[in-house]
Amino acid sequence: QATTGSSGGAAGITCGVHCRSCAMADQPLLARNEAALKKRQIWFGYLPLLSECVPLDKTGAPDWPGVVVNIGSGLIMGVREALGGIVSASLVFSSTGIPEITAMLPWGICMTLYTMSVGVLWYALFGRLQYGYATQQDLICILQAQMAAHAADMLRDDPGKIPATVVAIICTSAILSGACSVLVGKLGLGKYMLLFPTPVTNGFLGAIGVVVFRAAWQTASGVKFRYFYPTDWEKFCEPNNLSQVVCMLAMVCSIRQGPELLERCFPDNAVVERVGGLACQLLPLAFFYLVVAWAGIDLASLQDAGWTYPSEADTGPLDLWTRYSFADIDWPTLMHTLPAMPALVLMSVMCTLMGALAITDKFPTGPEGDPAPMETISFDTELATVGASSLLLGLTGGNLNFHKFSVIQLRLDGGTHRISVLMIALFAGGLFLSGIPIGQLVPKWFLAGLFLNTGVHFLKGTLLSYKSMSTFSWRGWQLPSPQFIIAPTCVVMAIFFSPAKAIMTGLVLSIAIFLTNSSASSPVINVASGDRVVSRSKRPFWEMRSLREEGDRILLLYLQGHLFFGSAQPLVAALNASAVDDRVKFIIISLARVPIIDASAARHLKTASDKLRQRGCEVIFCRMNQEVYNVLVAANVILAPDDDLVKHLKNMRWKSVPMAAKSSRRFLPTSPQRTPWSNRRLLRPSSKDLATSRLNVSMAPDFTLEEVPELAMPPLDVEFAAPLDLPPTPTPSIGSSASSTAIAQAATGPKPDAFCHETDALDHCDEQIVAEFCYGQPNTTDKLEPFMLAYRTAVEAPFSRLPDWVFEDMNGLPRGVMDKLRPFCQVHVGLPAWTKMSDTMNLEGALCFILKGSLSVIQYLPLSDDASLPTAEVHGFSFRQGKRLLKRYPPGHVAGKDGFFLEHSGQVIDPELEPKIVVSSKLGPPAEIWVLRPEFWEKMPVELKATLTEMLCVQFADDTQHSRLQEH
């Protein structure tokens with residue numbers, strides 16, 4: 001047990017004394033080279049390794065104590081599975097109460113043992129879990145019994161064909177289930193089967209519990225039940241039948257209460273913990289035969305009294321393939337049952353996945369000997385492995401199989417290697433080959449007790465499933481989640497109808513509850529007002545004040561989730577409520593978290609948008625994916641998309657490449673090795689005497705920089721490149737796709753109603769607010785300073801250069817400072833849009849003074865590629881290059897301030913993590929930028945340094961103030 005626990009992935013706990021177990025806990029799971037132990041995968045599974053088959057010591061020899069533990073655990077589990085196989089066969093052949101099918105029980109037990117031996121052996125050879133196995137389960141047997149009963153009802157005029165037709169139904173269901181499992185696994189659809197609603201699964205198990213519960217009472221009493229009561233009370237109350245019912249109830253009490261009583265009598269006893277449950281199952285049977293022997297009753301008398309099933313001629317294991325003939329199959333009846341098989345196929349696939357999921361949840365890591373103990377199990381491969389065994393069994397006269405939760409118990413008992421699973425297969429195969437008439441030795445009440453215990457287990461889990469759900473308060477009462485109603489409804493439907501109708505009812509209820517909840521919850525997750533949130537484009541303080549006063553005319557709505565007909569009504573109500581105040585003139589709808597929208601929701605959006613536009617309120621959409629955009633355009637919700645949005649959507653899917661190591665980053669430009677500057681001070685005097693340092697151009701350092709009329713740029717990278725035949729300003733704006741020229745465009749065309757990002761939409765709206773309330777009214781224009789009006793002229797078409805005196809007045813600089821600064825700067829005139837200044841000019845620690853155009857400060861991010869997410873557990877995540885706009889600076893501002901201060905203080909963590917500066921396509925490029933590098937800063941007079949340092953501190957504070965308001 002200690003060895004098993006440590007190899008199961010639990011945290012190691014040392015005992016403080018040197019012992020073999022603690023020494024092994026410090027060793028890696030694989031003592032040998034992992035590459036040498038790599039498993040070889042085939043189309044339906046894996047080939048086993050020696051380390052998986054038997055426990056090995058450090059020398060590679062068999063660990064015989066571990067081998068003995070595995071063999072013992074496998075034999076004990078083999079006895080349990082053999083009893084479970086008898087129950088499964090009884091559920092198919094004796095739960096219907098039809099004599100022709102009930103007489104097939106001995107053959108059914110033989111088929112079950114064959115299915116168990118082949119299915120367990122198959123997984124022991126090709127399965128991924130070295131302690132796992134697959135075999136027949138009770139759930140599918142109930143569905144097969146329902147189909148068998150339906151076929152018998154159709155053949156009531158020709159009962160001789162019932163047995164062979166029932167065999168054909170079982171084998172056909174196994175073939176179809178196996179083929180579908182393999183197909184689903186090979187198509188990679190296994191993970192999607194887990195999306196089946198849990199309440200429906202709970203309800204279906206409850207429905208199966210009802211059928212099993214009813215079959216138990218019918219089997220014990222020999223009387224048919226209608227719904228939940230016997231059809232013949234007089235026969236039910238006969239002493240012989242009541243005696244069997246009492247034995248059944250006593251056995252259920254032994255199964256459910258016996259293990260707990262044994263643990264109280266023998267606390268902390270490992271043997272009792274392992275075999276106590278099995279002993280409590282077999283004890284009533286042993287006691288029964290002791291009483292029968294003491295009373296001198298023979299097996300023939302028990303058969304005559306109806307306590308056991310009648311005996312048939314034994315032909316050995318070959319009876320599985322020789323008793324029934326193809327000629328006796330009624331093919332029309334078989335074809336008539338095919339429509340009922342999809343539910344069985346669906347449940348078999350789901351049970352395989354849920355079984356694998358439950359096992360790996362219990363044991364996240366593999367045991368000792370596993371070549372890849374931390375590997376995530378592939379559900380698709382599990383489906384292919386189990387499906388292939390079901391296909392083989394169906395073609396050879398067996399039944400379908402899938403994972404069982406008893407695998408967990410096997411590993412807890414010490415069965416960690418394939419040899420323990422092989423013992424289960426050998427035990428079942430031995431019983432199959434021996435031809436022992438188990439069907440005549442097991443009394444009916446014993447099988448009924450196993451039925452009843454299974455039914456109680458299913459019903460208890462279903463009716464108590466509300467404990468794993470949330471609750472809500474209603475008039476002081478704590479009630480379970482509305483989804484819980486699905487489970488009891490399925491139980492009621494199973495009582496009066498069938499499990500198939502129960503599961504269909506559960507699905508309908510689940511969909512109805514989902515639609516109701518979706519309709520009740522609003523897709524609007526956040527609302528922001530324009531006076532509290534602005535775009536990422538920097539604006540001067542006087543424009544920001546106008547936005548603070550009049551920005552509440554803008555509302556920004558963030559949506560989330562799938563927009564469909566159920567959620568459209570709450571969205572329309574939210575839009576109408578947002579514009580109830582006539583002061584609201586702009587409503588921006590962010591669709592960043594909306595993966596898809598259906599036609600009904602688009603139609604409702606169009607109706608609501610048209611009404612708002614008639615009231616003078618612009619409705620603007622932004623940040624949508626290609627699919628959402630196509631739906632909105634098709635529904636005429638979007639009529640005039642912004643040019644940048646169209647270009648973005650045409651190239652939305654970038655090439656996905658694996659994220660490279662730090663030493664080989666492909667999309668982050670490498671920087672030269674930086675030597676830290678020790679004791680660097682911003683206001684340190686130059687190397688010349690301080691007394692001779694004056695604010696005079698003639699006293700400047702001995703160097704000059706020629707004005708660069710136009711920088712010769714290398715080819716632009718593809719992610720920033722714009723088509724060369726496009727105009728230099730695709731969408732002129734004040735840092736967005738809508739500037740003051742957008743207002744001019746309104747006279748010739750419609751205003752854009754869809755943008756690439758929230759910041760572009762906010763720029764569009766903010767510009768109109770600023771144009772009207774800051775510059776468009778006489779009472780406000782009279783209060784503006786001359787430099788403010790000159791700034792406005794520079795950022796309006798045709799986008800002139802900002803005069804030096806305007807730059808100085810905007811930033812509180814003395815007149816003439818720009819003339820004295822110019823000799824220390826590298827002046828770039830005519831920089832085209834999309835110029836990557838950080839990559840082509842090495843701007844580490846440099847300041848960029850903007851006189852014309854605008855600069856974007858961009859951070860590169862590795863974004864997860866959505867296409868890789870469904871297969872992340874197998875292939876890992878892949879990443880693509882992404883950009884995030886941090887801030888956009890118009891003329892009159894300085895970019896690169898944070899890098900400048902960090903460079904001088906020597907506190908840059910990694911130059912590759914610093915934001916990049918790019919010439920924006922907004923505000924009318926080509927741009928004019930003055931670049932002041934750190935080495936030239938050192939040569940400046942201290943008085944000029946002091947003046948600029950004060951300006952930089954004020955701009956830094958202004959940037960911080962803007963960052964608190966900008967959208968994120």
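These legends walk through several close-up views of a predicted model.

**View 1. The whole protein at a glance.** Let's start with the full chain before zooming in. The protein holds 39 helices and 20 strands. Of its 968 residues, 51% are buried. How far apart in sequence are the residues that meet? Among contacts between residues at least 6 apart in sequence, 81% link residues at least 24 apart.

**View 2. The second largest pocket and its lining.** This pocket has a volume of about 1900 Å³. Its lining is made of 49 residues, and the ones closest to the pocket centre are Lys404, Phe405, Ser406, His457 and Phe458. Which helices supply at least two residues each to this lining? Look for α4 (64-93), α7 (138-154), α9 (198-221), α11 (239-265), α12 (270-295), α16 (341-362), α18 (406-412) and α21 (444-463). By residue type, the lining divides into 22 nonpolar, 19 polar and eight charged residues.

**View 3. A hairpin made by β7 and β8.** Here, strand β7 (residues 471-474) and strand β8 (residues 477-480) run antiparallel and are joined by four bridges. To find your way, start at Thr471, which stands opposite Pro480 of β8. Two residues sit between the strands of this hairpin, where Arg475 takes a positive phi near 55°.

**View 4. An open sheet of five strands.** Follow the strands in the order β9-β10-β11-β12-β13, and note that their pairing is mixed. Why is one side of β9 and of β13 left without a neighbour in the sheet? β9 (524-529) and β13 (754-755) stand at the edges with a single partner strand each, so one side of each has no neighbour there. Further in, strand β11 (residues 586-593) pairs with strand β12 (residues 618-622) in the parallel sense, over five bridges. One residue to pick out is Ile587, whose bridge partner in β12 is Val619.

**View 5. Helix α26 and Arg613 beside the sheet.** Staying with the strands of the previous view, helix α26 lies across β11 and β12, and runs at about 140° to β12. Arg613 belongs to this helix, which covers residues 599-614. Is Arg613 buried, partly exposed or exposed? Its relative accessibility is 28%, so Arg613 counts as partly exposed. Leaving out residues up to four places away in sequence, Arg613 touches Val619, Phe621, Val637 and Asp753. Lys585 is 28 residues from Arg613 along the chain, and the C-alpha atoms of the two are separated by 9.1 Å.

**View 6. An open sheet of four strands.** This sheet has the order β14-β20-β15-β18, with antiparallel pairing. β14 (826-831) and β18 (894-895) are its edge strands; each has a single partner strand, so one side of each lacks a neighbour in the sheet. Between them, try tracing strand β15 (residues 847-852) and strand β20 (residues 927-932), which pair in the antiparallel sense over five bridges. Phe849 has Trp930 as its bridge partner in β20.

**View 7. Asp959 and its contacts.** The last stop is Asp959, found in helix α39 (residues 942-965). With a relative accessibility of 6%, below the 20% cut-off, Asp959 counts as buried. Which residues does Asp959 contact, leaving aside its neighbours within four places in sequence? They are Lys538, Lys887, Tyr889 and Lys897.

Methods
Residues are numbered from 1 along each chain as its sequence is written. This is a predicted model: local features need pLDDT of at least 70, side-chain atom pairs count only at pLDDT 80 or more; totals for chains, interfaces and linings use all residues. Side-chain values use heavy atoms; hydrogens and water are left out. On a 1 Å grid over the protein atoms alone, a cavity is a set of points where a 1.4 Å probe fits but cannot get out, and a pocket is an open set with protein on both sides within 12 Å along at least five of seven lines; lining residues have an atom within 4 Å of a point. Grid points are joined across faces, edges and corners, and a volume is the space filled by probe spheres set on the points. Ala, Val, Leu, Ile, Met, Phe, Trp, Tyr, Cys and Pro count as nonpolar, Asp, Glu, Lys and Arg as charged, and the others, Gly among them, as polar. Buried means under 20% relative accessible area, exposed over 50%, partly exposed in between (1.4 Å probe, protein chains only). Contact means heavy atoms within 4.5 Å. Two strands pair if DSSP finds at least two bridges between them. Axes are lines fitted to C-alpha atoms, for helices over the stretch in contact, and angles run from 0 to 180 degrees between N-to-C directions.
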